[in-house]
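Here are a few short exercises, each with a worked solution. Keep the viewer open and try each one before reading on.

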Amino acid sequence: MHIDEQLLTKLEKLSMLKIDESKRQEVMEQLSSIVDFVEVLGELDAKIEGIDVKDHSRQLPFREDVVCDSNVIEYVLASAPRAEEGFFIVPRIVE
């Protein structure tokens with residue numbers, strides 16, 4: 001697939017990015033090559049040892065939830081400028 005100026009402009013608008021004029025041609029070439037690569041990937045046989053990886057009906061095995069104590073709250077709050085009783089203290093912004 002070839003990315004042209006019109007499509008690049010549309011992609012700029014959708015992504016809310018601005019591509020510099022000096023880079024536009026390079027970006028169009030790079031995007032075209034990425035899309036071509038993805039199209040080639042779509043043509044590959046996506047089966048691994050008899051398992052269809054595109055089959056989303058399979059469920060992953062469940063694991064038991066294990067509760068463990070961690071000090072992540074203390075670790076995060078230690079880097080806060082102000083903390084009290086497990087919460088960040090921030091300036092009031094609403095009167």
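**Exercise 1.** Does E5 count as buried, partly exposed or exposed, and at what relative accessibility?

*Solution.* Bear in mind that this is a predicted model. Begin with the cut-offs: buried means under 20% relative accessible area and exposed means over 50%, with partly exposed in between. The relative accessibility of E5 is 39%. E5 therefore counts as partly exposed.

**Exercise 2.** Find which residue meets the side chain of E5 in a salt bridge, and place both partners in the fold.

*Solution.* The partner is R24, with a distance of 2.6 Å from N to O. Next, locate the two ends: E5 sits in helix α1 (residues 5–15), while R24 belongs to helix α2 (residues 24–43). The two are 19 residues apart, and the pair links distant parts of the chain. Finally, check the cover on R24: its relative accessibility is 4%, so R24 counts as buried.

**Exercise 3.** Work out which parts of the chain the salt bridge between E12 and R24 ties together.

*Solution.* First take the distance: the closest N and O atoms of E12 and R24 are 3.0 Å apart. Then assign the elements: E12 lies in helix α1 and R24 in helix α2, so this salt bridge ties together parts that are 12 residues apart in sequence. Now apply the burial cut-off: with a relative accessible area of 9%, E12 is under 20% and therefore buried. To finish, combine the pairs: E5, E12 and R24 are joined into one network by salt bridges that share partners.

**Exercise 4.** Count the salt bridges, and say whether R63 and D65 are buried or exposed.

*Solution.* The count comes to three salt bridges. One of them brings together the side chains of R63 and D65, at 3.6 Å from N to O. As for their surroundings, R63 and D65 are both exposed.

**Exercise 5.** Describe the protein as a whole: its secondary structure, its burial, its contacts and its surface.

*Solution.* Start with the elements: there are three helices and four strands, and along the sequence they follow the pattern α-α-β-β-α-β-β. Turn to burial next: 9% of the 95 residues count as buried. For the contacts, consider those between residues at least 6 apart in sequence; 26% of these join residues at least 24 apart. Last comes the surface: about 9,500 Å² is accessible, and carbon and sulfur atoms account for 59% of that.

Technical notes: Residues are numbered from 1 along each chain as its sequence is written. This is a predicted model: local features need pLDDT of at least 70, side-chain atom pairs count only at pLDDT 80 or more; totals for chains, interfaces and linings use all residues. Side-chain values use heavy atoms; hydrogens and water are left out. Buried means under 20% relative accessible area, exposed over 50%, partly exposed in between (1.4 Å probe, protein chains only). Contact means heavy atoms within 4.5 Å. Accessible areas come from the Shrake-Rupley method with a 1.4 Å probe; for residues, only the protein chains shown count as cover. A salt bridge is a side-chain nitrogen of Lys or Arg within 4 Å of a carboxyl oxygen of Asp or Glu.
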